[in-house]
Amino acid sequence: MADVLSVGVNLEAFAQAISAIQALRSSVSRVFDCLKDGMRNKETLEGREKAFIAHFQDNLHSVNRDLNELERLSNLVGKPSENHPLHNSGLLSLDPVQDKTPLYSQLLQAYKWSNKLQYHAGLASGLLNQQSLKRSANQMGVSAKRRPKAQPTTLVLPPQYVDDVISRIDRMFPEMSIHLSRPNGTSAMLLVTLGKVLKVIVVMRSLFIDRTIVKGYNENVYTEDGKLDIWSKSNYQVFQKVTDHATTALLHYQLPQMPDVVVRSFMVDQHKAVPYVFLDAA
């Protein structure tokens, strides 16, 4: 009795089918060899023709016989019971060392997970398409006079606008000084000094705050070539924790239509939150 895999393939019939394929290829090769050799040397032309026809018919009968045998074995091989169209990856199930290389089972799980993800994504897309927003900046029928003036985005702003926003924020806090520089072109870098407690390096792209690094007041914030050091951390754990709090707060300040409000709110909230962060770190 032939062994049958869990995927529904008859191994004995499969092996016989491979042998039948090899026999069929040999029979076809003999047919072409017969045509290539042509009529062999015989005493008369009629004898050569009869020998050639008889030999050619035998080869054709062999091809027909091998082809019928292959078709019979193909029906006995069976089909994999797995419904997933994994194509050639289904051969991975024939690996006898499945405990060491469970690649086939993992591939099946990934395929099922992908199908579920695609199904839920389609449901979510249908629900979102049904929820049409009533308020939109491009509503039809709104006159040009009543339409609000579009504010510049955070990534396309003139340097003068950024300088004016930073200077207004600097005047809000007498105990805090802000030094603005542009060592790498139009992008601004701020060195914020809060009394004699700490220094903050703020890396900006226009009015979008990209990175903040908090260090102690006595720590060096410049590199050897005189530029602001935006990569090294503080030597003190308390300022490292303050940096983590400031970086987390950046995720809550995103308002592209009013970028100046974002920067001002971030500075005000961080100015108020610094004492509590010190108490928490202590």
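**Close-up views of a predicted model**

**View 1. The pairing of helix 1 with helix 2.** In this predicted model, helix 1 (residues 11–37) and helix 2 (residues 45–77) have axes that come within 8 Å of each other and cross at roughly 160°. Because an angle over 145 degrees counts as roughly antiparallel, helix 1 and helix 2 are described as roughly antiparallel to each other. The crossing in which helix 1 passes helix 2 is left-handed, and the residues of this contact divide into 20 nonpolar, 5 polar and 2 charged.

**View 2. Helix 2, its length and its buried residues.** Helix 2 has 33 residues, which at 1.5 Å a residue should span 48 Å, and the C-alpha atoms at its ends are 48 Å apart, so the expected and modelled values agree. Buried along helix 2 are Asn-59, Ser-62, Val-63, Asp-66, Leu-70, Leu-73 and Val-77, and these buried residues pack against helix 1. An α-helix has 3.6 residues a turn, so residues three or four places apart point the same way. After helix 2 comes Gly-78, a residue with a positive phi, near 90°.

**View 3. His-61 on helix 2.** His-61 belongs to helix 2, but it is absent from the buried residues of that helix, and with a relative accessibility of 52% His-61 counts as exposed, because the cut-off for exposure is over 50%. Although 34 residues separate His-61 from Ser-27 in sequence, their C-alpha atoms are 9.1 Å apart in space.

**View 4. Thr-193 and its surroundings in strand 2.** Thr-193 is placed in strand 2 (residues 189–194), and its relative accessibility of 15% means that Thr-193 counts as buried, since buried residues are those under 20%. Leaving aside residues up to four places away in sequence, Thr-193 touches Glu-175, Met-176 and Ser-177, and also Leu-198, Lys-199 and Tyr-217.

**View 5. The chain as a whole, for orientation.** The secondary structure of the chain comes to 6 helices and 4 strands, and these elements follow the pattern α-α-α-α-β-β-β-β-α-α when read along the sequence. The chain has 282 residues, of which 28% count as buried. Among contacts between residues at least 6 apart in sequence, 48% join residues that are at least 24 apart.

Conventions:
Residues numbered from 1 in each chain as written. Predicted model: local features only at pLDDT ≥ 70, side-chain atom pairs only at ≥ 80, totals over all residues. Heavy atoms only, no water. Axes fitted to C-alpha atoms, helices over the stretch in contact; angles between N-to-C directions. Helix = DSSP H or I, 4+ residues; strand = E, 2+ residues; numbered from the N terminus. Parallel < 35°, antiparallel > 145°, perpendicular 65-115°, else oblique. Left-handed = near helix turned anticlockwise from the far one by under 90°. Nonpolar A, V, L, I, M, F, W, Y, C, P; charged D, E, K, R; others polar. Expected span 1.5 Å × (residues − 1). Buried < 20%, exposed > 50% of the residue type's maximum accessible area, 1.4 Å probe, protein only. Contact = heavy atoms within 4.5 Å.
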